[in-house]
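Hi everyone, thanks for coming. Have a look at the model on the screen while I talk you through it.

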Amino acid sequence: MFHRRRLSVLQYVLLGIFFGSSFYLWTNRMNLNRRFAIQLLQTKEMEEGTNAIEELIDENNNVPPIVDPLSANLCGEATIPTVEPVGIEPFPEFKFDSDVDVDLNRTLDWLDLWNDDVNCTKYESRVLKPGSYPQVGALVSFPGSGNSWLRMLLVGVTGMFISSVYAGDDTQFKSKANTSYQIPVDCGCTLLQKTHDFSLDAVLYSLPEANRTKTLEEFNGKGILIIRNPFKAIRSYRNFDFTGMVGAAPESAFSGTEWDNFVSRSVAGWETLATVWIRGLKQGGIIYYERLHRETRSELKRLLKMLGLGYDKERLECVLRHTADNSFKRESNQTAQTEFPYTASQRLLIHKAIESVQLVLKERGLDPLPTQYYDFFNITPEYGIPS
């Protein structure tokens, strides 16, 4: 029923050529392997002046197997260059002896951090002699991120006044000699200068004079960056917009088109400031507001190392006892203000900004934002963000 198909003479010839050539290539590949090995060994002899062939050929005149030259990757494995994160150096070491300079004209008259604690009021804070600290660093943050609070803590624990780039009360120094004067921005007499780097606003609005690193360059990449949960920082900034350093904005300030525009600008500003300073910092470091609030002792010690400063243990204990004694602490006004004023689209914007900053921190090998401490961070079921 079935008939075997006979092969033609030509087909037999072609099959013979195929099998014959295969056998030939296989046997010659083995010989090539041997010849290739011997060639390598002869090259080694010439380089080292030894009889490498006699050392490696065995009793049966065989060469131990080596990598097949027809299948070997003679170029080696491709390697992907790794970029090591560039660290941030601490400030140069600075020794400040508050007992040497007792000039009352440079001694701060007011420091409400101590309140009326007689054990702590003996610790004074002063403006340094002009020019004694020529390369001042920045104390930089987005508004509403605890800059003024940390500034007071640092004045208390270091004994050195921290000025501001903004004229007014921030640079007005009231001394124990009943004198009052403005501290020049370029005096070289303060440890740090407070700034919110508003020069970045020009970047956000695409103005001709926009320069992302203008303030960063003015401080030569030297500073302490404070980062706070943007959900809280933006709300605090809105309060400041209406009432200044203390007090709370009315509930109507957190709804409508004006509020939506404010959030959009603020999210962009928070992300831009953090990104520019994280990438550009050369000396100093980054402080997370939530950790400072929860772990004040360890974070202040870490901050002092960033600043290249030692500390007085008793003075530090005074600061820790009075961290809540802060005239810049905003009064709570929950009855007149929505607890969580953000819409779904606003929450999405903030989440994306947080994610972007996390990536920039990772670029430099720095600790991520402590989102486990962020209020409102997980209240985002929309757009696939888990609640």
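Let me begin with a term: a salt bridge here is a side-chain nitrogen of Lys or Arg within 4 Å of a carboxyl oxygen of Asp or Glu. Glu124, Arg126 and Lys176 are linked in a network of such bridges.

Some housekeeping before we go on. This is a predicted model, where local features need pLDDT of at least 70, side-chain atom pairs count only at pLDDT 80 or more, and totals for chains, interfaces and linings use all residues. Residues are numbered from 1 along each chain as its sequence is written, and side-chain values use heavy atoms, with hydrogens and water left out.

Now the overall picture. The protein has eleven helices and seven strands; these are DSSP runs numbered from the N terminus, with helices being H or I of at least four residues and strands E of at least two. Of the 387 residues, 42% count as buried. Buried means under 20% relative accessible area, exposed means over 50%, and partly exposed is in between, using a 1.4 Å probe and protein chains only. If we take contacts, meaning heavy atoms within 4.5 Å, between residues at least 6 apart in sequence, 78% join residues at least 24 apart.

Back to the salt bridges. How many are there by this rule? The count comes to eleven. One of them joins Arg321 and Asp117, with the closest N and O atoms 3.4 Å apart. That pair links distant parts of the chain, since Arg321 is in helix α10 and Asp117 is in the loop between α2 and β1, 204 residues apart. Asp117 is buried, because its relative accessible area is 15%.

Glu218 and Lys214 also pair, at 2.8 Å from N to O. They are four residues apart in helix α5, so about one helical turn separates them. Lys214 is partly exposed, because its relative accessibility is 39%.

A further bridge, between Asp367 and Arg291, has an N to O distance of 3.8 Å. Here, too, distant parts of the chain are linked: Asp367 sits in the segment after α11, and Arg291 in helix α8, 76 residues apart.

Arg291 comes up again when we look at Pro370, which is found in the segment after α11. Is Pro370 buried or exposed? Its relative accessibility is 1%, so Pro370 counts as buried. Leaving aside neighbours within four places in sequence, Pro370 is in contact with Tyr288, Glu290 and Arg291. From C-alpha to C-alpha, Pro370 and Glu290 are 7.4 Å apart, although their positions lie 80 residues apart in sequence.

Next, helix α7, where we find Thr275. Thr275 counts as buried, because its relative accessibility is 8%. Beyond neighbours within four places in sequence, Thr275 is in contact with Arg212, Val357 and Val360.

Helix α7 also helps to line the largest cavity: α7 and β6 each supply at least two residues of its lining. On a 1 Å grid over the protein atoms alone, a cavity is a set of points where a 1.4 Å probe fits but cannot get out, and lining residues have an atom within 4 Å of a point. The largest cavity holds about 50 Å³ of space, a volume being the space filled by probe spheres set on the points, which are joined across faces, edges and corners. Among the residues lining this cavity are Phe142, Trp270 and Leu273.

That's my tour; I'm happy to take questions.

Key. 1 Å grid on protein atoms, 1.4 Å probe; cavity = no way out; pocket = protein on both sides within 12 Å on 5 of 7 lines; lining within 4 Å.
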